[in-house]
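Work through these short exercises with the model open. Try each task before reading its solution.

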Amino acid sequence: MPHLVLFTKYPSHITTKVVEKVLEARKKNLFPDDESIQETLVRSAGKFSEDGVRMLSVTLVKEGKLEEALNEVMKEMAYFSEIEGFESSIEVWATYQEGFKAYGIELP
């Protein structure tokens, strides 16, 4: 059950546009959470820096649901991609159990 780690970044001067887009998506329920595919661990953590705004979210993907989870996240990021300056990336991270298993170590 891997983690999906989503990173987004955008210049601080477009924060209002991004927030408006988030509120629009929520109002229309465009991207409802589907706990049968993935569990949200970190909905949204933000950081402001000289590079603008950086956001992070993390989900735990259910067994056998990686492709579905990736498709859902990509749809959501495509929705925001029309905002000039908005960038995102998705990374698949192993759980520590999966990492140990790769080294032949089984946890009790």
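**Exercise 1.** Find what the buried residues of H2 pack against.

*Solution.* They pack against E1, helix H1 (15-27), E2, E3 and E4. Helices (H or I, at least four residues) and strands (E, at least two) are DSSP runs, numbered from the N terminus. This is a predicted model: local features need pLDDT of at least 70, side-chain atom pairs count only at pLDDT 80 or more, and totals for chains, interfaces and linings use all residues. Residues are numbered from 1 along each chain as its sequence is written, and side-chain values use heavy atoms, with hydrogens and water left out.

**Exercise 2.** Name the buried residues of H2, then say why they share a side.

*Solution.* Step one: Ala69, Val73, Met77, Tyr79 and Phe80 are buried (under 20% relative accessible area, 1.4 Å probe, protein chains only). Step two: they cover an arc of only 155° around the axis, so they sit on the same side of H2. The arc is taken from the directions from the helix axis to the C-beta atoms.

**Exercise 3.** Check the length of H2.

*Solution.* H2 has 15 residues; at 1.5 Å a residue, H2 should span 21 Å. The expected span is 1.5 Å times one less than the number of residues. The end C-alpha atoms of H2 are 22 Å apart, which agrees.

**Exercise 4.** In what order do the strands of the sheet run?

*Solution.* Four strands form an open, antiparallel sheet, in the order E2-E3-E1-E4. Strands pair if DSSP finds at least two bridges between them. Strand E2 (38-49) and strand E4 (87-93) are the edges, each pairing on one side only. Strand E1 (residues 3-10) joins E4 over seven bridges. His3 stands opposite Trp93 in E4.

Definitions and conventions. Buried < 20%, exposed > 50% of the residue type's maximum accessible area, 1.4 Å probe, protein only. Contact = heavy atoms within 4.5 Å.
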